[in-house]
Amino acid sequence: MPAPRTEVTEIVTGLATMGFPSIARALEVRPRNFLNVAETHYEALGESFTSDVFAAEFERAWENGVAFARAADGLRGRPPWSVEWKGNQRPPGYEQIPADLRIDHVYLISCKYGSNILHNPSPGNLFVNLLMDREYRSDIGWYQEVAPEAYQDFYAACRAEVGSSELPAVVGQLRDADLKQLRAGLPKRLGGALGKAYTEFSHTVAAATAQRWAANMATPRKRETMLWRLLRLESAPYFVLGESADRKPLRFRVATPWDFRLRYGFRDLFVSPNRDAQQPVVHWKANVRNHATDMEESVEGHVEIRWSHGRFGPSPEAKVYLDTPHHQVPGYFPLDEPAPKTQPDLRLFD
């Protein structure tokens, strides 16, 4: 089930597109043309609204929904016939368009609050499969695959720190009981010689990962396609409504690769290890040329490779972050234009 905060941001955004004069009135009416939202959801929303638990989220989601309803790229003041909430439905593969709401079977909306994360795949699915599918499999794990010696050296330092002869000498032989013992004996923060060993391990992983990623997108076409996938440009346009990590409103239309090529010329995509980070981090940066201004523009971000379920777990994750402000990203077009004044008033319900 979606978390309460998620339900607030997504459902209230949808309600705000429907022409109600206030949040309170929308929660009272409970419109039947808002599909997949049950009475239990409205009850929970009503309790949260009354208690002010998510007051800021209610306000921002409402503002975003109203802005989309009035935007020239959005509904242009037209009341929707239907709004659908995806809820807890999740596809088995990669989410091609990360939509949480669908309006009139056409407008797809992603509600994104408090995060600059673009993707959260496994390292193999990102750096080898290039976000095309989730079928990458490895019997030894990413760290052993790209930096086996550095991984073993770091494990040996941790084993020495714990001081247990019961732990296997080889990192690949760790079992669940060993992991519990190892994690219990290690400090939360790795300082001194142990911290140095982890830093060396991290830099080795980042360098090897960047090298493999670059090798797997060796042609300009593959690098351009990789950029589209990183930015989540898909075959159909969709909209992002939400709030950035620094609490600034996010309201923009995400272009398709078709739109992208009409507006920009791809120059190149570069990846490199971040040698200043305290964990394995790969930096990425793309350069494009804006056809309208004939100026170079860039977009960049980074990937954090880290254990998802504790140190020495078998399945690390690769969190892809966007570092460029959203309004400066090529292919992300802000919803700043108001609808023509001739459009009908949104206040459809008393």
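Okay, one term before we start: strands here are DSSP runs of E, at least two residues, and helices are runs of H or I, at least four, numbered from the N terminus. By that count, Asn36 is in the loop between β1 (34-35) and α3 (39-51). And keep in mind throughout that this is a predicted model.

So, Asn36. What is phi there? Near 70°, which is a positive value in a residue other than glycine. Most residues other than glycine have a negative phi. How accessible is Asn36? The relative accessible area comes out at 47%, and because exposed starts over 50% and buried is under 20%, Asn36 is called partly exposed.

Now hop along to Asp104, in the loop between β3 (101-103) and β4 (107-113). Asp104 isn't glycine, yet phi is positive here too, near 55°.

That loop leads us to the sheet, so let's look at β6, residues 238-243. Is that strand buried or exposed? Mostly covered: 6 of its 6 residues are buried. If you turn the strand in your viewer, Tyr238, Val240 and Gly242 point one way, while Phe239, Leu241 and Glu243 point the other way. Yes, that includes the glutamate: Glu243 is buried along with the others.

What does β6 pair with? One partner is β4, in the parallel sense, over 5 bridges. To find the register, look for Ile109, which stands opposite Phe239 in β6. Another partner is β7, residues 249-254, which runs antiparallel to β6 and is joined to it by 6 bridges. For that pairing, use Val240, whose bridge partner in β7 is Phe252.

β6 and β7 also make a hairpin, with 5 residues between them. Have a look at Arg247 in that turn: phi is positive again, about 65°.

Last stop, Val170. Where is it? In the loop between α7 (148-162) and α8 (176-185). With a relative accessible area of 38%, Val170 is partly exposed. What does Val170 touch, leaving aside neighbours within four places in sequence? Gln152 and Tyr155. And if you want a distance to check on screen, the C-alpha atoms of Val170 and Arg159 are separated by 9.9 Å, with the two residues 11 apart along the chain.

So, to recap: positive phi at Asn36, at Asp104 and at Arg247 in the hairpin turn; a β6 strand with 6 of 6 residues buried, paired with β4 and β7; and a partly exposed Val170 in contact with Gln152 and Tyr155. That's me done, thanks.

Technical notes:
Residues are numbered from 1 along each chain as its sequence is written. This is a predicted model: local features need pLDDT of at least 70, side-chain atom pairs count only at pLDDT 80 or more; totals for chains, interfaces and linings use all residues. Side-chain values use heavy atoms; hydrogens and water are left out. Buried means under 20% relative accessible area, exposed over 50%, partly exposed in between (1.4 Å probe, protein chains only). Contact means heavy atoms within 4.5 Å. Two strands pair if DSSP finds at least two bridges between them.
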